[in-house]
Amino acid sequence: LVCGRKSRVALLSTLFFFGAMLGLPVGGWWSDKRGRKEAFIVGTVILQVPAAMSVWLPSYEIYAAARFLFGFGQAVMDMTAFVLVTEVLGEQMASVPVWWMNSMFAIGQIAMSPLAMVMTHWRELNLAIAVLLATLLAVMCSLSESPKWLASQGRTSEAHKVLCRIAKVNKRPKPPPIAEPDLQITQKQQTAGVGVLCDRRLTVRFVVSCITWFCVSAAFYGLGLSAGSIPLSLYASNLLNGVVQVAGYVTGGYLIQRHWCGRKGAVVGGFLVGGACLLLSAFVRQKVVLLMFYYAGSFGVSTSFGVVFLYTAELFPTNVRGLALGINSLFARVGAMLSPYVAVAGSINHTLPPLIFGVMCLVAGGLQVLLPETRGVKLPDTVDDIGRVPAEDNS
């Protein structure tokens, strides 16, 4: 479809991320207003359409439109799934979405290398991906709504039923009924919108997190797209990058639970290690040393990338958490949209991608000093809870 024109290949990635950029705020708004479960189902259904269509699409233009729709559906589904898991698991299992969910993403990336070696035609590879994605439809049958979201909407009896179902599956005693919330507080939670993010208690968090997501997304996806410019085969580079990502996610999952590190320390450490190693890799000519710095930088970026989802989710109250993550992810997709062109610039000057991405990491890491630590702090339901929610004993 592209006949060797590199600019058209880069445009496909940009259209995918552009679709994701539009899907994220829509998914965030939908999940806050209509529920996490409904938003997840909508995103999953939207995702299936272009996945199936891409197998037989006859022209580049139609395929490009399918890539846009694919990005839109994936963004809605992924962001909602992460919010749902974060709210259901709670503080004591907060590391699970950091290392487990993100590691599954990386393992999927690793699987692409042997699949692409066996299925050399891109239509065959798309067919395999479409079949794998169809398994998501089975997940919807057993999905429950977030009890935290239900309670924030005043639907306490429904929230209690979900908690009882979870307790039954885990063979635990049923939890006590949830107290009915104050009607005025419930109405305030339900009507909260984007204006709440401009509250002085959230402004710094919101601005810094938007910049952070832009930088970490540009660096993360840019490093993946730059795999072809390092001295390894494309298959080996993609596979090794996935392995390094898993290591970064597992490390992040460990660090966030340590009292001497926490969420903030893991994000800052990942950015500083990633940024420093990427800058050093730009000036190295020896192959082995270059690969060491490159993948050490990828490890640091992956650590920050995995933790920043959880960290941001814990910085914002329940009634705008989905919206905040949606807007932050929008900034992430802007960074991701630019990353293919930075990666292409590597074919002209191989030092440009690591220099640009390295500086982004260092800037984002420095900005984290303006944010609070969220380890051991109960998730706030409204902006009024910020600063006065009791800490949980997780030492």
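This section describes the overall dimensions, selected helices, individual residues and internal cavities of a predicted model.

The protein contains 15 helices and 0 strands. Along the principal axes, its C-alpha atoms fill a box of roughly 60 × 45 × 40 Å. For a chain of 395 residues, a compact globule would be expected to have a radius of gyration near 21 Å, and the value of 21 Å found for the protein agrees with this. Buried residues account for 50% of the 395 residues. Of the contacts between residues at least 6 apart in sequence, 80% join residues at least 24 apart.

Three helices were examined for their span and their buried residues. Helix 2 comprises 18 residues, from 36 to 53, and at 1.5 Å a residue it should span 26 Å; the end C-alpha atoms are 27 Å apart, in agreement with that expectation. Its buried residues are R36, A39, F40, G43, T44, L47, Q48, P50 and A51. An α-helix has 3.6 residues a turn, so residues three or four places apart point the same way. Several buried positions of helix 2 can be read with that spacing in mind, including A39, G43 and L47.

Helix 5 covers residues 122-134, and its 13 residues should span 18 Å at 1.5 Å a residue; the separation of its end C-alpha atoms is 18 Å, which agrees. L125, N126, A128, A130 and L133 are buried in this helix. The buried residues of helix 5 pack against helix 2, helix 3 (60-89), helix 4 (95-118) and helix 6 (136-139). Helix 2 is thus named both for its own buried residues and as one of the packing partners of helix 5.

Helix 8 has 14 residues, for which a rise of 1.5 Å a residue predicts a span of 20 Å; its end C-alpha atoms lie 20 Å apart, again in agreement. The buried residues of this helix are T156, A159, H160, V162, C164 and A167, and they pack against helix 7 (147-152).

Just after helix 8, the backbone at K171 takes a positive phi of about 55°. K171 is not a glycine. Most residues other than glycine have a negative phi, and most peptide bonds are trans. K171 is found in the loop between helix 8 (156-169) and helix 9 (183-191). With a relative accessible area of 76%, K171 is above the 50% cut-off and therefore counts as exposed.

Two residues of helix 14 were considered individually. F331 lies in this helix and, at 34% relative accessibility, counts as partly exposed because the value falls between the limits of 20% and 50%. Although F331 and I211 are 120 residues apart along the chain, their C-alpha atoms are separated by 7.4 Å. When neighbours within four places in sequence are left aside, F331 is in contact with C210 and F214. I327 is also placed in helix 14; its relative accessible area is 15%, under the 20% limit, and I327 is therefore buried. The C-alpha atoms of I327 and G248, which are 79 residues apart along the chain, are separated by 25 Å.

The structure holds 2 cavities of 30 Å³ or more. The largest cavity encloses about 50 Å³ of space and is lined by W213, V216, S217, F305, V308, F309, S329, A332 and R333. At least two of the lining residues come from each of helix 10 (200-225), helix 13 (287-315) and helix 14 (318-345). By class, the lining consists of 6 nonpolar, 2 polar and 1 charged residues. Helix 14, which contributes to this lining, is also the helix that holds F331 and I327.

About 30 Å³ of space lies in the second largest cavity. The residues that line this cavity are A219, F220, L223, N241, Q245, S298, V301 and S302. Helix 10, helix 11 (234-255) and helix 13 each provide at least two of them. The lining of the second largest cavity divides into 4 nonpolar and 4 polar residues, with no charged residue. Helix 10 and helix 13 therefore supply at least two residues each to the lining of the largest cavity and to that of the second largest cavity.

How values were computed. Residues are numbered from 1 along each chain as its sequence is written. This is a predicted model: local features need pLDDT of at least 70, side-chain atom pairs count only at pLDDT 80 or more; totals for chains, interfaces and linings use all residues. Side-chain values use heavy atoms; hydrogens and water are left out. On a 1 Å grid over the protein atoms alone, a cavity is a set of points where a 1.4 Å probe fits but cannot get out, and a pocket is an open set with protein on both sides within 12 Å along at least five of seven lines; lining residues have an atom within 4 Å of a point. Grid points are joined across faces, edges and corners, and a volume is the space filled by probe spheres set on the points. Helices (H or I, at least four residues) and strands (E, at least two) are DSSP runs, numbered from the N terminus. Ala, Val, Leu, Ile, Met, Phe, Trp, Tyr, Cys and Pro count as nonpolar, Asp, Glu, Lys and Arg as charged, and the others, Gly among them, as polar. The expected span of a helix is 1.5 Å times one less than its number of residues. Buried means under 20% relative accessible area, exposed over 50%, partly exposed in between (1.4 Å probe, protein chains only). The radius of gyration is taken over C-alpha atoms; the globule rule is 2.2 Å times the number of residues to the power 0.38. Contact means heavy atoms within 4.5 Å.
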